[in-house]
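Please open the model in your viewer, with the sequence panel beside it, and follow the selections below in order. Each stop names what to select and then says what is to be found there.

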Amino acid sequence: MNGPVVYDAHTLPVDDNVNPYAFSVDLNGRWFLQKGKMIAYFGDIRFDGIGHGPLDQLVARSFHSPLHAADWVVAQGRGRLLLADRAFDVNSYDLDDGNLTIRSGNLLAFQETLSLKQSIIPGFVTLIGTGKFVAASNGPVHFVEPPVRVDPQALVGWADCPSPCHHYDHGYLRGFLGGVRALTGLGGASGEEHQFEFTGAGTVLLQSSETLMAERAVGGVPGQPGVPGTHGG
């Protein structure tokens, strides 16, 4: 019987998955990381919070989401970063002069060559430019083309297409049961009642589950090296 695979700084994958639930970033420069999503690292790496003086120029160029600034750090140096998020599926994606909007809770990390902006859709952020990013999902991700209507809870994000419109099934809302739902709130988040509608060109990303991931980072071990007084990675 074969034993478990044991990794070190030299045998970890290079910018690739270790398994479906963990990703190895080959760091040679700077990446933005959501706090609490790094489970280990090898090498000479420093972590700084968003807003620290030495990183003002980088943040001004690449980070434009004040509502989420407290949830992110910058990793800089050389080494390997292991990223994971509570055994959710983790994958990397490449943008080539692209524009992708994604749920803030699903985005784990991105290269400094990408610019993060706050989306007009609550709970989402937008990545613009060319570079690699790492994201988690509750189940495998599927790519579909508009026109399409999707369950809001299954939506991970969309790339190079207009923001969605809300679509409501008014037949489902009418009548006695519609009145019950209006009074009790039961059924209000159902994909059968409310969908996001996408039109035009582009790609929509869907996860294989209707269970949303948390939109804020999960706190880790206090006092991580290089990030005094913060939590997680």
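The tour begins with the whole chain and its confidence, and then moves through strands, loops and cysteines.

**The whole chain**

Keep in mind from the outset that this is a predicted model, so a sensible opening move is to colour the chain by pLDDT, which averages 83 over the protein, with 79% of the residues scoring at least 70. Select strand E7 (residues 107-111), where confidence is highest at 98, and then helix H3 (residues 175-184), where it is lowest at a mean of 54. Residues 217-233 should also be selected at this point, since their pLDDT is below 50, although in the model this stretch has 40 contacts beyond near neighbours in sequence.

With a cartoon view switched on, the protein shows 3 helices and 15 strands. Of its 233 residues, 47% are buried, and the exposed surface comes to about 11,600 Å², of which carbon and sulfur atoms supply 56%. If you display contacts with a separation of 6 or more, 79% of them are between residues 24 or more positions apart.

**Strand E9 and its partners**

Next select strand E9 (residues 124-137), a mostly covered strand in which 12 of the 14 residues are buried. Which strands pair with E9 in the antiparallel sense? Strand E6 (residues 89-103) does so over 13 bridges, E7 over 3 bridges, and strand E8 (residues 114-118) over 5 bridges.

To see the pairing with E6 in detail, show Arg-103, whose bridge partner in E9 is Phe-124, and then Ile-102, which stands opposite Val-125 in E9. Moving to E7, display Phe-110 together with Phe-133 of E9, since these two residues stand opposite each other. For E8, the pair to show is Leu-114 with its bridge partner in E9, Gly-129. The hairpin of E8 and E9 has 5 residues between the strands, and in this hairpin Gly-123 takes a positive phi near 85°.

**From E6 to strand E12**

Stay with E6 and add strand E12 (residues 155-159) to the selection: the two run antiparallel and are joined by 3 bridges. Ile-102, already on display as the residue opposite Val-125 in E9, also stands opposite Gly-157 in E12.

**The loop before E6**

Now select the loop between strand E5 (72-84) and E6, in which Arg-86 is found; Ala-87 has its place in this loop as well. Inspect the backbone angles here, for Arg-86 has a phi near 55°, a positive value in a residue other than glycine, and Ala-87 likewise has a positive phi, of about 65°, although it is not a glycine. Are these residues buried, partly exposed or exposed? Arg-86 counts as partly exposed because its relative accessibility is 44%, whereas Ala-87, at 57% relative accessibility, counts as exposed, the cut-off for that class being over 50%.

**A cis peptide bond and the open sheet**

Further along the chain, select Pro-146 and Pro-147 and look at the peptide bond that leads from one to the other, which is cis, with omega near 5°. Pro-147 lies in the loop between strand E10 (141-144) and E11.

From there, extend the selection to an open sheet of 3 strands, which has the order E11-E14-E13 and antiparallel pairing. Its edge strands, each pairing on one side only, are strand E11 (148-150) and strand E13 (165-168), and the twist from one strand to the next averages 40°. E11 is joined by 3 bridges to strand E14 (residues 194-198), and a pair to display across this junction is Arg-149 with Glu-197 of E14, which stand opposite each other.

**The cysteines**

For the last stop, show Cys-161 and Cys-165. Which of the two is buried, and which is partly exposed? Cys-161 counts as buried because its relative accessibility is 13%, which falls under the 20% cut-off, while Cys-165 counts as partly exposed, at 48% relative accessibility. A disulfide will not be found at this or any other stop, as a search of the whole structure finds 0 of them.

Technical notes
Residues are numbered from 1 along each chain as its sequence is written. This is a predicted model: local features need pLDDT of at least 70, side-chain atom pairs count only at pLDDT 80 or more; totals for chains, interfaces and linings use all residues. Side-chain values use heavy atoms; hydrogens and water are left out. Two strands pair if DSSP finds at least two bridges between them. Helices (H or I, at least four residues) and strands (E, at least two) are DSSP runs, numbered from the N terminus. Axes are lines fitted to C-alpha atoms, for helices over the stretch in contact, and angles run from 0 to 180 degrees between N-to-C directions. A disulfide is a pair of cysteine sulfur atoms within 2.5 Å. Buried means under 20% relative accessible area, exposed over 50%, partly exposed in between (1.4 Å probe, protein chains only). pLDDT is the predictor's confidence in each residue, from 0 to 100. Contact means heavy atoms within 4.5 Å. Accessible areas come from the Shrake-Rupley method with a 1.4 Å probe; for residues, only the protein chains shown count as cover.
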